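This note sets out comments on the model for a colleague at the bench. Please read the points with the structure open alongside.

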Amino acid sequence: MLSDIQAEANYACRMTGLDDLNDHVLAAMSRVPRQRFVSKSFRPHAYDNSPLPIGKGQTISQPFIVALMTDLMAPNRDDKILEVGTGSGYQTAVLAELVDHLYSIEIIPALAKKSRRRLEKAGYTNISFQVGDGYYGWSEMAPFDAIMVTAAVEHIPQTLIDQLAPGGRLVLPVGERRYSQDLLLVKKDQYGAVKITRLLPVSFLPLSGSR
């Protein structure tokens, strides 16, 4: 299962001009049992290379996209990370394996409650949760060393760029329509200048909330 994820994600990495996936990312994914984050009826397909429904019209991303986006964030152990879109909690768990503390926002209360309960039951104590509109980030806890958005936006939110620390990285899918989106990597240098790199085509559900 993990070898399939690695093969797919390494291929995607090469499309972006990056080297193969970081060993720490693969190790983190191997420690998080993906089947626990989907309903019983979908557990046989937990490691399929496709998104799966998690309720409330939302999905869990395919494993190789989770691996790739995590790798692109290049998280260090002492980084302060923001995740926009807790969803099922799977991506949250992978990130929590890699950093001392993670901040995660979910706009759908039922999903937020379920994923928080699931993650706390799994023993994660290094995650702060918030129910709210992640489009505006989490200003009280900013700045962040890295930010991940797990749903598509029509444009890069200036609020998230503002909450990114100097030297920070923002990974997010951008595009107005489901099948015309791109995964972007946004880097802010030490002087606050921003560089945007378009990586590869993706297909995400739109980010819920205000615009």
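1. Contact here means heavy atoms within 4.5 Å. Helices (H or I, at least four residues) and strands (E, at least two) are DSSP runs, numbered from the N terminus. The model is predicted: local features need pLDDT of at least 70, side-chain atom pairs count only at pLDDT 80 or more, and totals for chains, interfaces and linings use all residues. Residues are numbered from 1 along each chain as its sequence is written, and side-chain values use heavy atoms, with hydrogens and water left out.

2. Confidence should be considered before the details. The pLDDT, which is the predictor's confidence in each residue from 0 to 100, averages 89 over the protein, and 89% of the residues score at least 70. Helix α1 (residues 2–16) has the lowest confidence, with a mean of 59, whereas β5 has the highest, at 98.

3. An open sheet of 7 strands with mixed pairing follows the order β5-β4-β3-β6-β7-β8-β9; two strands pair if DSSP finds at least two bridges between them. At its edges are β5 (127–131) and β9 (194–202), each of which pairs on one side only. From one strand to the next, the twist averages 15°; axes are lines fitted to C-alpha atoms, for helices over the stretch in contact, and angles run from 0 to 180 degrees between N-to-C directions.

4. Strand β8 (residues 181–188) pairs antiparallel with β7 (residues 164–174) over 6 bridges, and L184 in β8 is the bridge partner of L172. On β9, 8 antiparallel bridges join it to β8, with D182 opposite P201 of β9. The hairpin formed by β8 and β9 has 5 residues between the strands, and G192 in its turn has a positive phi of about 95°. In β8, 7 of the 8 residues are buried, meaning under 20% relative accessible area, while exposed means over 50% and partly exposed lies in between (1.4 Å probe, protein chains only).

5. Helix α5 (residues 109–121) lies across β4 (101–106) and β5, at about 165° to β5. Its buried residues are L111, A112, S115 and L119. They lie on the same side of α5 because they cover an arc of only 100° around the axis, the arc being that of the directions from the helix axis to the C-beta atoms. Elements covering these buried residues include β1 (52–55), β2 (58–60), α4 (90–96), β4 and β5. The face turned away from the buried side of α5 carries the exposed residues P109, K113 and K121. After α5 comes G123, with a positive phi near 100°.
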